Each structure stands twice: as C-alpha cells, then as structure tokens.
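The exercises below are to be worked with the sequence and the three-dimensional model at hand. Each task is followed by a solution in steps.

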Amino acid sequence: MALVRWEPGREVDSLQSEVNRVFDAFFGGGAGAARARRWVPPMDLVETDDHLVLRADLPGMQRDDVEIEIKDGALTISGERTAEHEENTEGYYRVERAYGRFARSLTLPEGIEPDAIAASLENGVLEVRIPKPAQRKPHRVEIGGETAQVNGNGAAPETIEAQAPHPRLGAVRDAPGRLQFEISARDGAARTGRLLTSSGPVQTPAFIPLATKGAVRTLSFADVAGLGFELVLGNTFHLFITPGAERVAELGGLHRFMGWERAIITDSGGFQVFSLAHGNVADEIKGRRGASGTSDGVVDISERGVAFRSYLDGSKRFMGPEESMGVQAALGSDIALVFDECTPYHADRDYTANSTARTHRWLDRCLEWHGERGPEGQAVFGIVQGGVYEDLRRESAEYISAAGVDGIAIGGTLGRDKPEMHGVLEMTVPMLPAEAPKHLLGIGEPDDLLAGIALGIDVFDCAVPTRLARHGMALANLPDSRFRFDLSRAAHGLDTGPLVAGCECPTCLAGHTRAYLHYLSRAEAPTAARLLTTHNLHFLNSLVRGAREAIRAGAFGVYRAGILSGATPWAEERSARPDAETQESVRGEAADN
Ligand SMILES: [Zn+2]
C-alpha cells in the first residue's frame with residue numbers, strides 16, 4: 001500500500017467529508033449499535049499530483065463481488081458481501097463482521113478521462129485511480145487482474161448523487177509543513193503509520209502519556225524517552241494557572257522548559273474549566289457519576305469564554321478560545337487542541353445541542369486566531385462534540401471536517417459505560433474524513449484502546465497508567481479484572497514473581513518482585529509509584545506497538561482477540577497465558593477495585 005498523506009486545506013478534503021456524509025446518509029438512521037451492524041465499507045478519497053485515488057476497504061470480497069461503473073460523470077461502486085459472524089461470549093465483547101449489499105456513487109470532477117481510470121482489488125482493498133482531468137462519457141471500468149468481472153449482470157445498483165461540498169471555513173492556512181500524516185498499512189478500518197510533527201515522527205497507533213504539570217509524574221523525561229514514547233500531552237489549564245504561559249515562553253517554550261525534544265500536544269483547557277462546573281467526564285465512563293453541579297470554581301460561562309477561580313489562590317481568571325490558543329502558542333506545542341466544552345453525560349439534549357453549536361463558533365474563533373498569530377509549525381486539531389446524540393455528533397463531525405483543521409479529536413461524553421462508549425465511537429468515527437489523524441481524548445484502558453484502534457483511531461491519551469501506578473496498581477494481561485491488579489493486597493507479601501511474566505520494562509528487567517513492590521506500596525514510598533508508572537506505561541506502549549505490528553501483518557483481529565482473552569502484548573509471549581495460580585490470586589483481589 002502506497003503512503004497516503006493527508007494534507008488539509010485541499011479540495012479533496014471537503015470531497016472526502018462528502019464521501020462519508022453521503023454514505024452515512026444512505027445507510028443512516030438508528031443508534032450506534034444498530035448502525036455498526038450495517039455493511040458500511042470505509043472509503044477514502046485522496047488527491048495526488050495527477051490522480052484522485054478512491055480506496056475502499058472490502059475485506060473478504062473478491063473481484064467477482066464488486067462492480068464499478070462510470071456513467072454521466074458519476075462513478076458507482078457496488079457489491080455484496082455474504083454473512084460472516086463470530087462472537088466471544090465472555091462479557092460484552094463481540095466481533096461482528098458487517099455484510100449486505102452496498103452501492104456508492106460519487107460525482108466526478110469535470111473533465112475526467114474515463115478510459116484512463118484503473119481499478120485493482122488486492123488484499124481486501126479496492127483502489128480506483130482517476131487521472132485528472134479530461135472529458136467525461138459513459139464508461140465501465142475493469143478491475144485489474146485475470147479474473148476481472150465488470151458490471152456482470154447489468155442490474156442497476158442503487159445510487160445516490162453526491163451533493164455540493166460543504167462551504168469551507170478556510171480559517172486555517174494550507175501549510176503542509178505543520179503536520180503530515182502517513183498511513184503505511186491498513187487492516188480493516190485499523191491503520192498504522194506516522195504523524196510527522198515539527199518535533200519529529202510519532203508512530204501510530206500511539207498512546208500518549210500525560211505530562212500534566214510539566215512532567216510525567218514520578219518519571220524523568222529521559223525515562224519517558226527510554227520507554228519509547230514520541231509524544232506527550234501538556235496541560236494548558238494547569239500551565240496557565242502556574243507558572244503561566246508567559247514565563248514558559250520566556251524560558252524558551254515548553255519543550256526547552258521540560259527538557260523534552262520530541263513532540264508535544266497540548267489540550268485546550270476546556271476540559272478542565274468545564275470540569276469545574278460539570279464534574280469529571282472520565283468518572284462517568286467508569287460508571288461513577290462525577291460531582292455534577294458543583295460549580296464552585298466557575299464564576300461565569302458565556303459566549304466569550306469561561307470565568308473561573310484559580311485553585312491556587314482563588315483569584316479570578318478567564319479562558320476563552322483566543323486565550324486558549326494564545327497559551328498554547330506561547331507554550332509552543334506541536335499540536336494544539338481547540339477550545340471546547342466537554343459535555344457531561346448528564347447534560348440533556350438541549351444543553352448538548354446548544355453547547356455543541358457554541359463549541360463550533362469557538363472553533364471558528366480558534367482557527368481565526370491561529371491563522372493570524374499561531375506559530376508556524378503548530379498544527380491544530382478540532383474536537384468533535386455532540387454527546388451521545390447521533391444527529392449532534394454528525395453535525396459536529398461535518399462542521400469540524402469542513403473547517404480545515406490538521407486533525408480531529410473526539411471529545412465529550414461517550415456514554416455511561418463501555419458498551420455505550422463503543423457504540424458512540426462506532427457511530428462517530430465513520431463520520432470523519434478517513435485520512436485525518438484522529439485522537440480519542442481521555443481513553444486508555446487496554447480493551448478501549450483496541451476498540452478505538454479497530455475503528456481507525458490513531459492516538460490516545462489517558463491518566464489511567466500513571467494514576468493506577470500511584471495507587472499501587474499494575475497493568476497486566478488480566479482481562480477479567482480490567483487488566484490490573486492491586487499490589488498492596490496481602491497476597492503479594494511473599495510473592496517473588498515479576499509484575500507480569502515476560503515484561504521487559506525497566507522495573508521487571510531489574511528483577512523487582514511483587515513482594516518488594518507490595519512493601520514499597522504499603523510504605524507509600526515514592527519509588528513504588530515510579531516503578532509502577534514505568535511498568536504501566538511500558539505495558540500500554542507494548543500494547544500499541546503490538547497493534548502496529550499486527551496491522552502490518554493483517555492480523556489485528558487475531559491480536560485483539562488474543563489480548564481480550566489474556567495474551568500479553570509482546571510478540572514472544574503473545575500466546576502465553578498467566579499461570580492459573582497467578583490468575584487466581586489476582587482475580588480475587590481485583591474484585592475490590
Ligand atoms: Zn514490567
């Protein structure tokens with residue numbers, strides 16, 4: 001598969017958005033879970049110097065199953081896939097391959113030469129290469145290869161005309177130097193590649209450790225780099241409160257200030273200022289409803305932004321779209337996120353609709369500010385909101401996709417529990433331009449990472465590995481206990497085993513036993529948090545590295561199923577299961593967590 005570069009600001013992007021929009025309209029309706037069972041092959045439209053390239057993921061389909069027709073300036077791809085079905089009865093996990101008949105018609109730009117259009121179908125990926133431009137006339141395209149079969153029975157597939165692209169907001173400069181995204185391999189909707197930032201490449205899918213207050217807690221940045229991470233997330237809100245963006249800028253920017261030369265993404269601060277009013281959205285995803293309605297810290301929410309009181313000294317502070325972009329510009333991160341309201345689960349539809357519309361107006365203001373004053377090499381990601389409401393998510397996806405951002409983050413509440421979260425993601429991700437880099441905000445448990453990767457999400461940030469470590473919890477290949485166990489439990493007092501057999505993190509390689517970490521954890525020694533943070537971050541990094549390798553090998557489904565049934569993420573141990581004794585000893589205690 002050739003490399004694909006997503007270059008924002010080109011005509012093809014709005015066309016791409018249109019591909020998804022029309023396609024969704026055709027198959028639309030129904031809630032996330034119902035939609036996910038429909039056969040909606042992901043399609044990408046990419047523009048190269050001399051071609052438009054349309055790619056469709058058609059796993060399991062042969063050339064005979066697909067028809068391509070060009071007529072009256074429209075290209076139609078149609079076909080049918082018969083049912084395949086597999087199910088894992090443990091818990092809610094379930095894999096269901098979609099099936100059924102599909103037809104997709106795209107109006108071609110003026111002047112296309114139909115004779116020069118070529119198509120191939122290999123390894124489940126259909127690629128149609130359309131040279132630009134020339135005349136248009138009725139034509140049929142053969143799928144390359146010896147068994148080519150074109151529009152065989154003459155039955156007219158159901159088609160939809162593509163409509164005019166969205167008006168572009170055009171607020172962001174077309175500057176490919178800021179960020180490029182290369183996809184080097186796909187497996188279904190999952191993909192692996194590289195995000196090329198101003199501070200170097202980031203292999204995707206990637207997990208992003210939180211450097212909330214200028215550091216990944218308990219680690220040095222040499223540790224973080226040593227673990228192989230290429231991107232960390234800095235926190236605009238906390239750095240705004242103290243030491244202040246001006247001071248960081250005076251000291252040479254966030255990279256120099258922290259001593260981290262690799263890539264940095266900064267959140268917008270929106271999540272934190274609204275958390276003051278709404279409680280923590282992350283708590284809801286875990287089934288705990290946050291401290292909703294506690295608005296102690298928030299003074300006023302208006303169209304201009306949010307006034308709040310500093311947790312440091314109670315002073316009144318203000319943050320809106322311009323302030324957020326200003327802080328992120330001063331910090332000099334490689335990727336900035338636009339200022340948004342992260343709506344909580346308990347927000348009703350009216351609130352969510354109004355909030356999402358305001359977030360879109362804020363997006364425009366962020367992009368306008370950044371277009372005039374943003375740093376040269378800083379990319380900007382938009383954030384899709386809309387809560388759990390399909391129409392609002394779609395509206396938001398379209399708005400963000402048409403805005404000319406460099407990538408797209410998915411924010412807001414994703415539901416009350418994991419099945420609902422996965423449903424909202426299954427609904428939302430296909431609404432986004434396929435080639436855009438995608439960031440799932442605040443999600444990072446192993447099963448959720450794998451679910452996101454399967455849908456085509458590229459980067460994830462989450463407090464889970466570092467926060468668990470500070471509470472004496474280690475990540476492990478234990479799907480039945482949320483991939484974790486508690487070292488402070490008495491059962492580990494004499495346990496001379498490693499945290500996870502075969503783990504090559506510095507903590508496990510040093511030979512530290514569960515008994516030692518149990519003791520340190522009970523003694524509340526800072527070293528316990530450090531050693532466990534090291535292990536937990538390594539565990540998640542191994543998980544995404546394993547995912548990248550599996551996608552390249554076309555075996556992501558097998559890899560995911562393996563992890564969900566207790567395999568370790570590292571290749572040499574992938575088939576190994578924890579021994580029965582270990583599994584038993586940690587299972588009982590994990591129930592308490
Ligand atoms: Zn380890």
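**Exercise 1. An aromatic pair within one helix**

By about how many helical turns are Phe556 and Tyr559 separated in helix α18?

*Solution.* The model is a predicted one. Step 1: locate both residues in helix α18, which covers residues 556–564. Step 2: Phe556 and Tyr559 are three residues apart, so the separation is about one helical turn. Step 3: recall the general geometry. An α-helix has 3.6 residues a turn, so residues three or four places apart point the same way. Step 4: examine the rings. Phe556 and Tyr559 form a tilted aromatic pair, with 6.4 Å from centre to centre and 40° between the planes. Step 5: assign burial, for which the relative accessible area must be under 20%. Phe556, at 4%, counts as buried, and Tyr559, at 2%, is buried as well.

**Exercise 2. An aromatic pair between distant parts of the chain**

Classify the pair formed by the rings of Phe237 and Tyr311, and state where each residue lies.

*Solution.* Step 1: begin with the whole structure, in which a search finds eight aromatic pairs. Step 2: for Phe237 and Tyr311, the ring centres are 6.0 Å apart and the planes stand at 45°, so this pair is tilted. Step 3: Phe237 belongs to helix α4 (residues 236–241), while Tyr311 is in the loop between β18 (306–309) and β19 (316–319); the two are 74 residues apart, and the pair links distant parts of the chain. Step 4: compare accessibility. Phe237 is buried at 4% relative accessibility, whereas Tyr311, at 42%, is partly exposed. Step 5: extend the view to the neighbouring rings. One aromatic cluster is formed by Phe237, Phe240, Phe308 and Tyr311.

**Exercise 3. A buried acidic residue**

Determine which side chain of opposite charge is nearest to Asp334, and which polar partners Asp334 has.

*Solution.* Step 1: place Asp334 in the loop between α9 (321–331) and β20 (335–337). Step 2: look for a salt bridge. Asp334 is buried but has none, and the nearest side chain of opposite charge, that of Arg262, is 11 Å away. A salt bridge would need a distance within 4 Å. Step 3: look for polar partners instead. The side chains of Asp334 and His255 make a polar contact of 2.9 Å. In addition, a polar atom of the Asp334 side chain lies 2.8 Å from the backbone nitrogen of Ile264. Step 4: list the surroundings. Beyond four places in sequence, the contacts of Asp334 include Thr197, Ser198, Ser199, Gly377, Gln378 and Ala379.

**Exercise 4. An enclosed helix and its cap**

Why is helix α12 described as largely enclosed by the rest of the structure?

*Solution.* Step 1: helix α12 spans residues 418–428, and eight of its eleven residues are buried, so the rest of the structure largely encloses it. Step 2: name the buried residues. They are Lys418, Met421, His422, Gly423, Val424, Leu425, Met427 and Thr428. Step 3: inspect the N-terminal end of α12. Asp417 caps this end, with a side-chain oxygen 3.0 Å from the backbone nitrogen of Glu420.

**Exercise 5. Unusual backbone geometry**

Identify two cis peptide bonds and two non-glycine residues with a positive phi.

*Solution.* Step 1: recall the general expectation. Most residues other than glycine have a negative phi, and most peptide bonds are trans. Step 2: find the cis bonds. One joins Thr204 and Pro205, with omega about 0°; Pro205 lies in the loop between β12 (200–204) and β13 (206–208). Another joins Thr242 and Pro243, with omega about 5°; Pro243 is in the loop between α4 and α5 (245–250). Step 3: find the positive phi angles. Arg482 has a phi of about 55° and is in the loop between β25 (473–475) and β26 (484–486). Glu524 also has a phi of about 55°, and is placed in the loop between α16 (514–522) and α17 (526–552). Step 4: assign accessibility. Arg482 counts as partly exposed at 33%, whereas Glu524 counts as exposed at 70%.

Conventions:
Residues are numbered from 1 along each chain as its sequence is written. This is a predicted model: local features need pLDDT of at least 70, side-chain atom pairs count only at pLDDT 80 or more; totals for chains, interfaces and linings use all residues. Side-chain values use heavy atoms; hydrogens and water are left out. Helices (H or I, at least four residues) and strands (E, at least two) are DSSP runs, numbered from the N terminus. Buried means under 20% relative accessible area, exposed over 50%, partly exposed in between (1.4 Å probe, protein chains only). Lys and Arg count as positive and Asp and Glu as negative; His and the chain ends are not counted. A polar contact is a pair of N or O atoms within 3.5 Å; within protein, one must be able to donate a hydrogen and the other to accept it, and residues adjacent in sequence count only if both atoms are side-chain atoms. Contact means heavy atoms within 4.5 Å. Rings of Phe, Tyr and Trp (its six-membered ring) pair if their centres lie within 6.5 Å; planes under 30 degrees apart count as stacked, over 60 as edge-to-face and the rest as tilted.
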